[in-house]
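Please look over the model shown here, which is a predicted one, and follow the report below with the sequence at hand.

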Amino acid sequence: MNTSKTDTGPDYLGPESITDVARMVMALMSEVWIQRDRQIVTEYLLETQGAVTRQEIDDFVPTGDLAERIAAERQRFANLVAGAPIAATQRSVSQILERAGMDVPAARATGT
């Protein structure tokens with residue numbers, strides 16, 4: 001265990017483990033995104049049809065506003081997860097809100 005001190009705290013993993021950790025994070029991101037995407041589609045189908053089957057969810061291809069909403073949510077999710085290392089060193093409220101894809105109040109954005 002490498003316990004050298006960095007700006008973000010002790011470094012518990014050696015460099016040989018970093019690639020493995022990155023692969024695990026990417027696999028988890030993929031699985032979480034698939035679940036989130038199916039949840040959005042399920043909610044949409046329930047709202048518009050009142051009932052839904054597994055096959056309808058599997059076969060559904062979003063279009064229009066829903067497709068745009070899903071793309072925006074995917075980008076927000078990617079920014080949040082991929083931005084986590086930055087969060088360890090940049091911790092202002094404005095930076096956290098921006099990273100999460102949320103609106104930053106004007107007073108915070110201008111620092112007033």
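From helix H1, the residues Val25, Met29, Val32, Trp33, Arg36, Asp37, Ile40, Val41 and Tyr44 meet Leu66, Arg69, Ile70, Glu73, Arg74, Phe77, Ala78 and Val81 of helix H3 in this predicted model. Sorted by class, the contact of H1 with H3 has 12 nonpolar and five charged residues, with no polar ones.

As to geometry, the axes of H1, which spans residues 15–49, and H3, which spans residues 64–82, come within 11 Å and cross at roughly 150°. Because angles over 145 degrees count as roughly antiparallel, H1 is therefore roughly antiparallel to H3. The crossing of these two helices, H1 and H3, is right-handed.

The largest pocket holds about 220 Å³ of space, and its lining consists of Pro10, Asp11, Tyr12, Leu13, Ile18, Val21, Ala22, Val25, Met26 and Met29. Helix H1 supplies the largest share of that lining, with six residues. Val25 and Met29 thus appear in the pocket lining as well as in the contact of H1 with H3.

The two sites can be set out by residue class.

| Site | Nonpolar | Polar | Charged |
|---|---|---|---|
| Contact of H1 with H3 | 12 residues | no residues | five residues |
| Lining of the largest pocket | nine residues | no residues | one residue |

Thr42 is also found in helix H1. Leaving aside residues up to four places away in sequence, Thr42 touches Val52 and Ile57, while the C-alpha atoms of Thr42 and Arg54, which are 12 residues apart along the chain, are separated by 9.0 Å.

Note on methods. Residues numbered from 1 in each chain as written. Predicted model: local features only at pLDDT ≥ 70, side-chain atom pairs only at ≥ 80, totals over all residues. Heavy atoms only, no water. Axes fitted to C-alpha atoms, helices over the stretch in contact; angles between N-to-C directions. Helix = DSSP H or I, 4+ residues; strand = E, 2+ residues; numbered from the N terminus. Parallel < 35°, antiparallel > 145°, perpendicular 65-115°, else oblique. Left-handed = near helix turned anticlockwise from the far one by under 90°. Contact = heavy atoms within 4.5 Å. Nonpolar A, V, L, I, M, F, W, Y, C, P; charged D, E, K, R; others polar. 1 Å grid on protein atoms, 1.4 Å probe; cavity = no way out; pocket = protein on both sides within 12 Å on 5 of 7 lines; lining within 4 Å. Points joined across faces, edges and corners; volume = space filled by probe spheres on them.
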